[in-house]
Amino acid sequence: MPFFLELVAQHINKNYAGQDPDSYRDLLVVIPNRRGALYLKKHLGNLVNGFAWVPEIMAAENFIETLSGLPTGGELTLTFDLYEAYQNVLQSEAVSFEQFLRWAPQVMQDFNEVDRYLVDSEKVFENLKNIKEIENWSLAGDELSPMQKRYLEFMQHMGAVYKEMRKNVLSKNYSWQGLSYRLAHDKLIKEGYKLPYKKIILAGFNAVNLAEEKMISYLVEHKIAELLWDADNYYLKNHEQEAGIFLRKHLAKYKNSTSFITDNLSNSPKKIEVTGVAGRMAQVAAGAQEIERLIVGNEALEKTAVVLCDETLLLPTLSVLPKSVQSVNVTLEYPAAITQLFDLYEHVLQMQVNKKDGTKESAFYFKEVLAVLHNPFFSDLWADNFFIREVIRKLNRSNAVYIRTGLLKNWFKDNFSVAEPLFTGFPFALDAVTQFCRVNELIVEKLHVKNDRSIELETALAFQKELNALQSALEKHPEITLRGLRVLLKQVLAQSGIPFYGEPLSGLQIMGVLETRTLDFDNVILLSVNEGVLPSGKSSNSFIPDDLKRHLQMPLHGEKDAIYSYHFYRLLQRAKNITLIYNTETDTFGKGEKSRFITQLVSELKKKNPQADIIEKILSLPVSATGQEYGVIIEKNEAVLEKLLEKAGSEKGLSPTSFNTYKECTLKFYLRFIANVKEADEVEEDIEASAMGNIIHKALEELYKPVLGKNLTVQDMELMKKQSSAFAQKYFEEYYEETAEDNGKKALALHVIKKHIINLLDFEKQEIERSKQAIHVKHLEKELKAELVLSNGNKINILGKSDRIDDIGGILRIVDYKSSVNAVKDKFDIASLDEVFTNTKFSKALQLLTYAWLAWKEKLAPADKINPCIIAFRAEKKLYALTQGRAPLVFSDEYFKNFEEKLRIFVTGFFDPNLKFEPTAEIETCEFCAYKLICNRN
């Protein structure tokens, strides 16, 4: 079946083409958007033999600008124009630019609507003033708050601000979009039609504002314009269908206009697949599968459109396209707010606003510095950017919460000159934007070197235009602060779009909903067909109440829904294969269910069209062997087992920590001990238990060194208490590059560390006084090692490191310092050795047993004289030892031999090829796992 623009081309060729090749010169074709112009030219070209002029083809907004005689100002320019008008009217009562920006877009939207619908500005704003006065009137006579007063005052002056702004922009020879419509209307009605075209064809329009409606009426009445409508009887004749609301009115009014009305939705074969999937990326993956299916079915990609109802899915969609897709055309406006370049400038501003100014140099909050360093556009500033990884590593290891500029210079070395514009202090917004322009120009230059028109380059070019405009505007307002600039970025720049205009005549088509106007495709794939996305739902972006809008015949949210309903059905009316994909995940309030357009289509179309094959399905992701979604499973192949044996047989061997990790999660064991995936270095803004433990360990080792090989006395303990503060301070500052005084939280943490050390030393002192026996310190940080022959004959090394080994009354104590012990999760009473190797609650017990066994293997003491224990410096109970039946566990040679056999069986299981490395069944243990992103477990 012919597409709409083909029908338009045939109509033009039949009614306007003459013998003269120049016959089209007097013809203008106006369509809703620019997208269809190339398609229309192509269809016209197919109908012409030889060479001929094509008619002038304009998008509606360009036509309006032509009629008005004025270009439309950019959003940034108009925002500053609005602020100037606001200042001129309110004078000293005007709020700051930063406060003004919070409601400026709403005001601008109201100005646009007032003009597009030719509303008397004095009337609407006078009514609005009265309404707001009534709303804020207090019967009890309570005085209005300062905020209420400022709000009411602005409402009272909104009409004056409108007049002032209109006067200012017209004096500069441009207008805003709504004003362009009003000016075009006024000029056409008062001065008459003066464009050089004898005939104007208006094709593919649906909803029009009042200014457009009156201009269309004028042009039709004067036989200048011809109207070509595109519709389907399915929604046109059914008055319950909101998609046909506007066209029913137009066809009733313009009875002699030409209509390309089809019955395709009711009579032509259609394959419609409605697919629900959980999550954004799952939608993208489902769309890619459908593209692959079309390719296998030899469907032409030139006649296939992927329509993104949520345009933020563009990059994910491009990333998963099948390799067989050779050519892709992207035509939509990608939201600037979700680009990584926008993130870069926003993070730099946030970093600058929150910086600490020292006497010599500034310091930036580490998280904001990291956000800048990780940004890919920041990396693009250098051809060789591998050094940035080293800078990030140094930053993380520094543990500095605020990063001094001197430190950054040292880490960047010769590369700092390029990054310096972003880390230089910005006193005012103009300084910041000037530096942004410099950096952006360099980004464009670097991307140009790659010699391709990538999305990144298009984004950088679009930002260059916006930044230049912003710089020009700020030169007239140098007083605007960085905070004002941040709001400006979020409220204005973030709302703009990055336009991607490609060659639409070849390859797979990717576009937004509005870009589909006048276009038809055989195959249509829509993503994010969810309520709140399509249609976008009710949103109030206006100061004008609905009742007043209704009275003034201004549009309400229902009309917006009707517009999108038309776009939805019009896109489907000529398509053969239709795939509607929606996200099954909803938010806390239930928002996000599938669009009512889907529900309406499924429930009604089949009754009208028996040839419509509608399939509904829910896709779910595959489940792993453990029954857990998304789990990564590693087979124990020959290479993996060889690497494990190499690790276990090396000098590092296996330790109690590796035993407990394997017992907790075999996949975690693989990632940490075989794949050597290290946990990422991170700056500890709030000092963690692990960091506190490391500092306390080092301080205690230093304190006990002078008494190594001696008997501890009460006097020794008192001396150690006096020295403890200095050692704690020393190792704290060694761990953190900045001093404790630089950060209140860390000062508090240092105080806690000192307190823990004192408490532990007091405990030791009390033990000496209570037992009347000396503590003889034999070893500090003692490494213990023994060889274990496995059941398969492999020899491995078992290693452990005891924090301290001492002797009390002939009993060899193997002491391990711990931050704390959980009375519920940590078990020390051993009924059977088997449970020690299977139950994660016996992890600390397994560690103590291994230390005791190693000491026995090294013959440090007879079996019955060995006593492993934990001293917990954060717990109320300080000493924890192993028990059996609640009585102290006394070892024997037989006990250790039995433990060794159990250990042999346990570790041999590590090498069993039938047991895979897979996620634990205890899902709650994954919550704080450092590897959960790799595991990708849900």
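**A walk from Asp834 through rings and strands**

At 42% relative accessibility, Asp834 counts as partly exposed, because that class runs between the buried limit of 20% and the exposed limit of 50%. The model is a predicted one. Asp834 has its place in helix H34, residues 833-836. In sequence, Asp834 and Phe906 are 72 residues apart. In space, their C-alpha atoms are 9.5 Å apart.

Phe906 leads on to the aromatic rings. Ring pairs link it into a cluster with Phe659, Tyr662, Phe669, Tyr670, Phe673, Phe837, Trp853, Phe899, Phe910 and Phe917. A pair of aromatic rings is described by the distance of the centres and the angle of the planes. The model holds 49 aromatic pairs when centres within 6.5 Å count. Take Phe111 and Trp176. Their ring centres are 6.1 Å apart and their planes stand at 35°, so this pair is tilted. Tilted covers the angles left between stacked, under 30 degrees, and edge-to-face, over 60. Phe111 belongs to helix H6 (residues 104-116), while Trp176 sits in the loop between helix H8 (146-171) and helix H9 (177-191). The pair therefore ties together parts that are 65 residues apart in sequence. Both Phe111 and Trp176 are buried.

Tyr365 and Tyr402 make another pair. Here the centres are 5.7 Å apart and the planes at 45°, so this pair is tilted as well. Tyr365 lies in strand E10 (residues 362-365) and Tyr402 in strand E11 (residues 402-404). The two are 37 residues apart, and the pair links distant parts of the chain. Tyr365 has a relative accessible area of 15% and is buried. Tyr402 has a further partner: the charged end of Lys356 sits over its ring, 4.3 Å from the centre. A charge also sits over the ring of Tyr704. This one is the charged end of Arg804, 4.6 Å from the ring centre.

Next comes a sheet. Six strands form it, in the order E17-E18-E19-E20-E21-E22. The sheet is open and its pairing is mixed. Strand E17 (711-712) and strand E22 (879-881) stand at the edges. Each has a single partner strand, so one side of each is left without a neighbour in the sheet. Strand E19 (residues 795-808) and strand E20 (residues 811-818) pair in the antiparallel sense, over five bridges. Asp807 has Leu812 in E20 as its bridge partner. Helix H35 (residues 843-857) packs on this sheet. The helix touches strand E18 (775-789), E19, E20, strand E21 (866-872) and E22. Its direction makes about 90° with that of E18.

Strand E4 (residues 225-232) is mostly covered, with eight of its eight residues buried. In a regular strand the side chains alternate between the two faces of the sheet. In E4, Ala225, Leu227, Trp229 and Ala231 point one way. Glu226, Leu228, Asp230 and Asp232 point the other way, and all are buried. Strand E3 (residues 199-203) pairs with E4 in the parallel sense over four bridges. Ile201 stands opposite Glu226 in E4.

The last stop is Asn530. This residue lies in the loop between strand E14 (523-527) and helix H25 (546-551). Is Asn530 buried or exposed? Asn530 is buried, because its relative accessible area is 5% and the limit is under 20%. Its side chain reaches the backbone oxygen of Asn583 at 2.8 Å.

Note on methods:
Residues are numbered from 1 along each chain as its sequence is written. This is a predicted model: local features need pLDDT of at least 70, side-chain atom pairs count only at pLDDT 80 or more; totals for chains, interfaces and linings use all residues. Side-chain values use heavy atoms; hydrogens and water are left out. Rings of Phe, Tyr and Trp (its six-membered ring) pair if their centres lie within 6.5 Å; planes under 30 degrees apart count as stacked, over 60 as edge-to-face and the rest as tilted. Buried means under 20% relative accessible area, exposed over 50%, partly exposed in between (1.4 Å probe, protein chains only). A charge sits over a ring if NZ of Lys or CZ of Arg is within 6 Å of the ring centre and within 35 degrees of the ring normal. Two strands pair if DSSP finds at least two bridges between them. Contact means heavy atoms within 4.5 Å. Axes are lines fitted to C-alpha atoms, for helices over the stretch in contact, and angles run from 0 to 180 degrees between N-to-C directions. A polar contact is a pair of N or O atoms within 3.5 Å; within protein, one must be able to donate a hydrogen and the other to accept it, and residues adjacent in sequence count only if both atoms are side-chain atoms.
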